[in-house]
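Me: I am new to this structure and would like to understand the words used to describe it. Please take me through them with care, setting each value against its definition.

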Amino acid sequence: MGKKRKHSEVELPAAAKKDDTAPERPQRTLFGWKDKPENQQEPTGFRNKEKVLVTCSRRINYRYRHLMLNLVSILPHCKKDNKVESKATEGATLNELVELKSCSSCLFFECRKHKDLYLWMSKCPNGPSVKFLVNAVHTMEELKLTGNHLKGSRPLLTFSSNFDKEPHWKLLKEMITQIFGTPKEHRKSKPYHDHVFVFSIVDDHIWFRNYQISCPHTGADKIDRGGLEKMTLIEVGPRFCLNPIKIFGGSFGGPTLYENPFYVSPNQIRSLEKKQKAGKYAKKVKAKTRRKMHEMTNPLETDEFADMWKE
């Protein structure tokens, strides 16, 4: 029979094997690494994680629905949701939807009387929020413009100099920048800048335009020398005009920070038009009564020869 090995001789190769193996990976949890490795470095700086929820109210007009879909197509960092029905708890419902969709902003299209479109632009859940009246709506399908840009590309935002004059315009500029600006390295965006969003103030209204940046090139990857000076802008669409009504301190409500003194509701405009039309009828009635009174006060003289041919 052969000799038995000693216990110490058996343990030596096992210990050597243990040294050759790779170090164990740290356990990962939902909140990060349990034991962070020494070589791993935390990302430094601010990372924009802006997400926008786009939704609308029930019984919205087809033109306004197409406008909402156009905005969804040009904002790659937005999420579309079903229509919102309730009116009494509208603000609370929308705040819950934004939280469920893990978004930080909301664009809510509210249609009233199948005619008037209101746009709520809100930062959730703490505010502020702005209510606009939307006028001069022209969708991409309606305009049929020649401009075309890459879907999902990041836009350049340009503002007119009027935005820096008053504090409420500065607040609106900051909100528009956060909501319409696509975050860098967003998973649905493309790392190109081939179109421009233009926001300009005319007659206390914000006018929106979307232009494609067109550069002349000769099929090569690089642009020709001097080609940047020949750059042109081609409109893509959509077009709309925003008339600010009120700025609130909270999300879809709260204390009023600003109220537009020049705002006139569409109901008042329609009532004035009806009164003008009713005024035409009242003028006709007054003219008839004046004519009768004139005939009564100035009767015609009797004619001597009126009954001559009756005999």
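Reply: A residue is called buried when its relative accessible area is under 20%, exposed when that area is over 50%, and partly exposed in between, with a 1.4 Å probe and protein chains only. Phe-180 has a relative accessible area of 2%, so it is called buried. This is a predicted model, in which local features need pLDDT of at least 70 and side-chain atom pairs count only at pLDDT 80 or more, while totals for chains, interfaces and linings use all residues. Residues are numbered from 1 along each chain as its sequence is written, and side-chain values use heavy atoms, with hydrogens and water left out.

Me: How do you know that Phe-180 lies in a helix, and what does it touch?

Reply: Helices (H or I, at least four residues) and strands (E, at least two) are DSSP runs, numbered from the N terminus, and Phe-180 lies in the run called α5. By that reckoning the chain comes to six helices and 13 strands. Contact means heavy atoms within 4.5 Å, and, leaving aside residues up to four places away in sequence, Phe-180 touches Leu-71, Leu-75, His-77, Met-121, Pro-155, Leu-157, Phe-197 and Phe-199. One of these partners, Pro-155, is 25 residues from Phe-180 in sequence, and their C-alpha atoms are 8.4 Å apart in space.

Me: What makes a group of residues a nonpolar core, and which residues touch the most other members of the largest one?

Reply: A nonpolar core is a set of buried Ala, Val, Leu, Ile, Met, Phe, Trp, Tyr and Cys residues joined through side-chain atoms within 4.5 Å. The largest has 36 residues, and within it Phe-109, Met-121, Phe-180 and Ile-206 touch the most other members. Helix α5, residues 167-180, gives the most to this core, with six residues. Apart from it lies another core of 12 residues, including Cys-106, Trp-120, Cys-124 and Phe-248. In soluble globular proteins, nonpolar side chains tend to be buried together.

Me: Why are there zero disulfides?

Reply: A disulfide is a pair of cysteine sulfur atoms within 2.5 Å. The sulfur of Cys-124 has its closest cysteine sulfur in Cys-106, 5.4 Å away, which is too far for a bond. The structure as a whole holds zero disulfides.

Me: Are Cys-124 and Cys-215 buried or partly exposed?

Reply: Cys-124 has a relative accessible area of 12%, so it is buried. Cys-215, at 24% relative accessibility, counts as partly exposed.

Me: Why is Thr-139 called buried, and where does it lie?

Reply: Thr-139 counts as buried because its relative accessibility is 5%. Thr-139 lies in the loop between β7 (129-138) and α4 (140-143). Its contacts, not counting residues up to four places away in sequence, are Arg-63, His-66, Leu-67, Asn-70 and Pro-238.

Me: What makes the peptide bond before Pro-238 a cis bond?

Reply: The bond that joins Gly-237 and Pro-238 has an omega of about 0°, and it is cis. Pro-238 is found in the loop between β11 (232-235) and β12 (239-250). The peptide bond from Cys-124 to Pro-125 is also cis, with omega near 0°, and Pro-125 lies in the loop between β6 (116-123) and β7.

Me: What is unusual about phi in Ser-102 and His-114?

Reply: Most residues other than glycine have a negative phi, and most peptide bonds are trans. Ser-102, although not a glycine, has a positive phi of about 55°, and phi of His-114 is near 60°, again a positive value in a residue other than glycine. Ser-102 is found in the loop between α3 (90-100) and β5 (105-112), whereas His-114 lies in the loop between β5 and β6.

Me: Why is Ser-102 called partly exposed, and why does His-114 count as exposed?

Reply: The relative accessible area of Ser-102 is 45%, so Ser-102 is partly exposed. His-114 counts as exposed because its relative accessibility is 51%.
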